[in-house]
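Colleague: Could you take me through one part of this model in detail? I would like a close look at a single spot and what surrounds it.

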Amino acid sequence: MKKSHALAVCVAACVFLGGTAVSLGSYFGAKNDLLASKQELQQVERTNRKLEQNSKALENEKSDYTQNIQDLQNKAAELEEKISELENMKNNLNDQLDHISTSDSASSEVVNAVASCFVETEQTAPSFTPIVTTSFNKVTSLSVQLDRIDSRLNETGTSFSEVATNVTETLSAFSDIPSGMPVNGILSTRFNPNGLSSISDGRMHKGIDISTRSQILPISATAAGTVVESSFHSDFGNYVVIDHGNGFTTRYAHNSENYVSAGDVVKKGDTIGTTGSTGQSTGIHCHYEVSLNGVYQDPMDYQ
């Protein structure tokens, strides 16, 4: 082969190899660019998905906020209406308590205490039914109506129980109607004024006996009143008699000790002595009597 032919072949080979190298370089460069673009595109797609999710979440939050604002506006309107109803109820209650004050000596203090209960409390309640005329039914009717108020107020999401409890406790503290037990214990002998053999041990019993299971416990007045007797009797042992007015009196007997004297003024719940077994007694207990206009009453009717 001639030298000129060999040189031409070499030149051609060099050109071919050079072209191939350039082509390969361009190919791999383009491939890398394509991969980079693909990665950027995937990143953009991920970003777009996150933006769409955030946008949807914001739309949901906006909807929730709009609903909450609407609910708050509705509740505000309801609250204004209920506050107005409460004012009417409070005025109604004050009028009825003013009516009670014409027959009960302690009612002025009760009215003040009840009125103070409503100063910082804004609730609602149904209208009261007319309060009946007797002292016992006045307190009972008012207590029942307050219970109805409390049950109705559960609809508002707030409780009227503190006000109702305060009112009933205040009325109870100054009430001259005996109610409840004078001591925590067990009823051991029932009321049996006629000595019926079918009741307890068949003995005539003008009150009830409350056993304290050999414990010396405090005895509380079951209504407000004035102590008219605090003495010792061979049958009753140490005993206390309280005049509650309106014909009511109560007796607490067989006490180990009396804490009050004749002339003392007490409120419901005041401690007047302690249980014992003095006088004609076979165990530590409290003998409790209720009398209305001289007629013995079953104390269990005043619970």
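In which loop does Thr-275 lie?

Modeller: Happy to help! This is a predicted model, where local features need pLDDT of at least 70 and side-chain atom pairs count only at pLDDT 80 or more, while totals for chains, interfaces and linings use all residues. Residues are numbered from 1 along each chain as its sequence is written, and side-chain values use heavy atoms, leaving out hydrogens and water.

Thr-275 lies in the loop between β9 (271-274) and β10; strands here are DSSP runs (E) of at least two residues, numbered from the N terminus. Thr-275 counts as buried because its relative accessibility is 0%, buried being under 20% relative accessible area with a 1.4 Å probe and protein chains only. A polar atom of the Thr-275 side chain lies 3.1 Å from the backbone oxygen of Gln-215. Beyond its neighbours within four places in sequence, Thr-275 is in contact with several residues, including Val-183, Thr-212, Gln-215, Leu-217, His-254, Ile-284 and Cys-286; contact means heavy atoms within 4.5 Å.

Now to the strand on one side of this loop. β9 belongs to an open sheet of three strands, ordered β3-β9-β7 with antiparallel pairing; two strands pair if DSSP finds at least two bridges between them. β3 (218-220) and β7 (257-258) stand at the edges with a single partner strand each, so one side of each has no neighbour in the sheet. Two bridges join β7 to β9, and Asn-258 stands opposite Gly-273 in β9.

Note on methods: Helices (H or I, at least four residues) and strands (E, at least two) are DSSP runs, numbered from the N terminus. Buried means under 20% relative accessible area, exposed over 50%, partly exposed in between (1.4 Å probe, protein chains only). A polar contact is a pair of N or O atoms within 3.5 Å; within protein, one must be able to donate a hydrogen and the other to accept it, and residues adjacent in sequence count only if both atoms are side-chain atoms.
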